[in-house]
Amino acid sequence: MQSFQIIKPCTALAPYIRHYWILQDDAVFPVAERVLPVGCMQMVFHKGRQLLSLSESALQPQSFISGQSVGFSDVQSTGKIEMITVVFQPYAVRPLLHIPGYLFHGQNISTDAVEDVELSDLAKRVTDIFDNIACIRLIEQFFIRRLYSFAEYNMRRMSAVFHEIDLQPQISISQMSEVACLSSKQFGRIFADYVGTTPKEMVRIVRMQRALSVLQQNMAAPFVQVAYECGFSDQSHMIKEFKLFSGYTPAEYLSVCVPYSDYFSDL
């Protein structure tokens, strides 16, 4: 039996955390799933058996921070699943973790490897507490304590940039720099610090998520129309990006998956 629950953060943390989700699954046989980039860094706590990363032929860490990435990964259950995941706002990891987001790029970094005693202690306490809602409260208390006086104007800049990214399928790097009131060089550095990837890579992730959102609303939508609405140069460009991000062409993807955009479904 499977249970999936999404929980919104408290008001104080809403600018930094999109939501938490709790997944429990008692499936006896291994369950495999393909994971696509969602545009948000995440923190994962395994309270049950860890998932097996098929691409790396290794178990995921007991608790870890998942960085931004382009491309898909395949994971498989190894027993009872019970996991809590913190989904950060795309631009808000830096103020909570006190570490530049780009250091996690393309990786799942164990919380112990971050060398943050408080974070390691949180991971142990979450694993030991039976009640998952109590775990969420503990996580929130931890992050509220972590809020500190930092350069809020940079976070406001990134928030404004993402507002435009979400609205404009064909936004350019120069347009984003202008919104942030920064030079291209400054913008790229601060963006990577707060978001965990480059502006160009993030635009590609959001474009893919936008396509999933359009197909989520209408699986019969012509691919030419989807490509146009989502900012791809043409249909062949969309097919190429779909293959990179999911391992499937759009037609293949729709034959094996029900489209769902993690990024746009939470806006």
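This passage describes a six-stranded sheet and the helices packed in a predicted model. Local features need pLDDT of at least 70, and side-chain atom pairs count only at pLDDT 80 or more, while totals for chains, interfaces and linings use all residues. Residues are numbered from 1 along each chain as its sequence is written, and side-chain values use heavy atoms, without hydrogens and water.

The sheet is open, with the strand order S1-S2-S9-S4-S7-S10 and antiparallel pairing (strands pair if DSSP finds at least two bridges between them; strands are DSSP E runs of at least two residues, helices H or I runs of at least four, numbered from the N terminus). S1 and S10 (108–110) form the edges, each pairing on one side only. The twist averages 20° from one strand to the next.

Strand S2 (residues 17–25) has eight of its nine residues buried (under 20% relative accessible area, 1.4 Å probe, protein chains only), so S2 is largely enclosed by the rest of the structure. Six antiparallel bridges join S2 to S1 (residues 2–7). Trp-21 is the bridge partner of Ile-6. Eight antiparallel bridges link S2 to S9 (residues 81–88). Here Ile-22 is partnered by Ile-84, and Gln-24 stands opposite Glu-82.

Helices H4 (residues 152–167) and H6 (residues 184–195) pack at about 90°, with axes 10 Å apart (axes are lines fitted to C-alpha atoms over the stretch in contact; angles run from 0 to 180 degrees between N-to-C directions). The two are therefore roughly perpendicular (65 to 115 degrees). Contact (heavy atoms within 4.5 Å) involves residues including Met-158 and Phe-162 of H4 and Phe-187 and Phe-191 of H6.

Methods
Parallel < 35°, antiparallel > 145°, perpendicular 65-115°, else oblique. Buried < 20%, exposed > 50% of the residue type's maximum accessible area, 1.4 Å probe, protein only.
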